[in-house]
Amino acid sequence: MSNEDSIQEVVRFYGDAEEATRLRAGWFQLEQARTQELILRHLPPTPATIVDAGGGAGAYACWLAARGYHVHLIDPVPKHVEQARAASAGQPEHPLASAEVGDARRLPHGDASADAVLLLGPLYHLVEREDRLACLREAHRVLRPGGLAWGAGISRFASLFDSLSSGFFSDPAFAPILARDLEDGQHRNPTGNPLYFTDAFFHRPGELSRDFLAAGFQVVEVTAIEGPGWLARDFDLLWNDPAHRERLLAAVRKVEREPSVLGASSHIMAIGRK
Ligand SMILES: C[S@@+](CC[C@H](N)C(=O)[O-])C[C@H]1O[C@@H](n2cnc3c(N)ncnc32)[C@H](O)[C@@H]1O
């Protein structure tokens, strides 16, 4: 599939998916809370410039702008960029610095112009390693020396855990998808069922850090985002009880770098320093 075709597939997939509200439901709330925690753990204080490449509908970009950061969002899906602009207009005291259609492999920003870069999407949507490295090299280029990049990957084993816990493991249409995920991490979904996602690459934790190193970064940490927490039975009951929510977050934090459970997380975060 050519570069143009792969972007068209991303645009087609998100035409039907509702990215603007995804993080408000079920275990995606854990993904959001932990992603925010892992960003704040290392982010420099304001004023600082952040590039959110693959920023979707602006969930993290607008949250960071509201905290006083100067945030540029790019995303190849025009619908997402429109949604991000609308969200930005809804916080007129703290708007985004910009929101434009673009590709993380070719950032429009100048060399050493950013303090932080978020790649929370492109590294799993791009199925070729050279394209993922192109994103990371671009992030490296636009960062000032000492600047940080956050890159999210989907775990090689996420679809195995998801299918078992969500009940679609026995779907014969899903079996070949899972077999290939486990074989080489190349996720393909010819079924048309959006539950089974779109073309993607699923990383082993070590592959994510290897890519950061290959692009010239020092690896600060490689961490589970949700850990095993996304697999909790009755997730909403846990999450909606403040005490249980804190215990869940504490347990996830406790095992966030445990090598033997890293791959059980739906997403893995690598953080690299230029
Ligand atoms: C699941 S969404 C995540 C959005 C947001 N960053 C978050 O973490 O909630 C993945 C995003 O990656 C974007 N994406 C896919 N390929 C990309 C590329 N080559 N460059 C930049 N963004 C890309 C998609 O358009 C989509 O908005």
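Ser-155 counts as buried because its relative accessibility is 0%, where buried means under 20% relative accessible area. This residue belongs to strand β5, and the side chain of Ser-155 reaches the backbone oxygen of Gly-263 at a distance of 2.6 Å. The model in which these values were computed is a predicted one, and this should be kept in mind throughout.

From Ser-155 the path leads to a neighbouring strand, since Ser-155 stands opposite His-203 in β7. Strand β5, which covers residues 143-155, runs parallel to β7, and 2 bridges join them. Strand β7 has another partner in β6, residues 186-187, but here the pairing is antiparallel, again over 2 bridges, and His-187 is the residue that stands opposite Ala-200 in β7. In a regular strand the side chains alternate between the two faces of the sheet. Strand β7, residues 200-203, can be read with this in mind: Ala-200 and Phe-202 lie on one side, Phe-201 and His-203 lie on the other, and all of them are buried, so that both faces of the strand are covered.

The loop between β6 and β7 contains Phe-197, whose phi is near 65°, a positive value in a residue other than glycine. Phe-197 is counted as buried because its relative accessible area is 19%, which falls under the 20% limit. A positive phi, of about 50°, is also found at Ala-112, which is likewise not a glycine. Ala-112 sits in the loop between β3 (98-101) and β4 (114-119), and because its relative accessibility is 42%, Ala-112 counts as partly exposed. Another backbone feature appears in the loop between α3 and β1 (49-53), where Pro-47 has its place: the peptide bond that leads from Thr-46 to Pro-47 is cis, with omega near -5°.

The ligand is the next place to look. It is surrounded by 22 residues, the closest of which are Gly-54, Asp-75, His-80, Ala-104 and Leu-120. Sorted by kind, the residues of this shell comprise 12 nonpolar, 6 polar and 4 charged ones. Helices α1 (3-16), α2 (19-22) and α6 (122-125) each contribute at least two residues to the shell. Some contacts can be followed atom by atom: a polar backbone atom of Gly-54 is 2.8 Å from a nitrogen atom of the ligand, a backbone N or O atom of Ala-104 lies 2.9 Å from a ligand nitrogen atom, and a polar side-chain atom of Arg-22 lies 3.1 Å from an oxygen atom of the ligand. Of the 590 Å² of accessible area that the ligand has on its own, the protein covers 97%.

Charged side chains also meet one another, and the structure holds 24 salt bridges. One of them joins Glu-9 and Arg-12, with a distance of 2.7 Å from N to O. Both residues lie in helix α1 and are 3 residues apart, about one turn of the helix. The two partners fall into separate classes of accessibility: Glu-9 is buried because its relative accessible area is 17%, while Arg-12 is partly exposed because its value is 46%.

Helix α3, residues 28-42, offers a further example, because Arg-34 and Glu-37 are 3 residues apart in this helix and so are separated by about one helical turn. Arg-34 and Glu-37 form a salt bridge in which the closest N and O atoms are 3.1 Å apart, and both of these residues are buried. Glu-37 also meets the side chain of Arg-41 in a salt bridge of 3.4 Å, N to O, and these two residues of α3 are 4 residues apart, again about one turn of the helix. With a relative accessible area of 19%, Glu-37 is therefore buried, whereas Arg-41, at 33%, counts as partly exposed. Through salt bridges that share partners, Arg-34, Glu-37, Arg-41, Glu-221, Arg-253, Glu-256 and Arg-257 are joined into one network.

The last stop is Trp-63, found in helix α4, residues 59-66. Trp-63 is classed as buried because its relative accessible area is 17%. Although Trp-63 and Leu-96 are 33 residues apart in sequence, their C-alpha atoms are 9.7 Å apart in space.

Notes
Residues numbered from 1 in each chain as written. Predicted model: local features only at pLDDT ≥ 70, side-chain atom pairs only at ≥ 80, totals over all residues. Heavy atoms only, no water. Near = heavy atom within 4 Å. Polar contact = N/O pair within 3.5 Å; in protein donor to acceptor, adjacent residues only side chain to side chain. Areas by Shrake-Rupley, 256 points an atom, 1.4 Å probe, with all protein chains shown as cover. Nonpolar A, V, L, I, M, F, W, Y, C, P; charged D, E, K, R; others polar. Salt bridge = Lys/Arg side-chain N within 4 Å of Asp/Glu carboxyl O. Buried < 20%, exposed > 50% of the residue type's maximum accessible area, 1.4 Å probe, protein only. Pairing = 2+ DSSP bridges.
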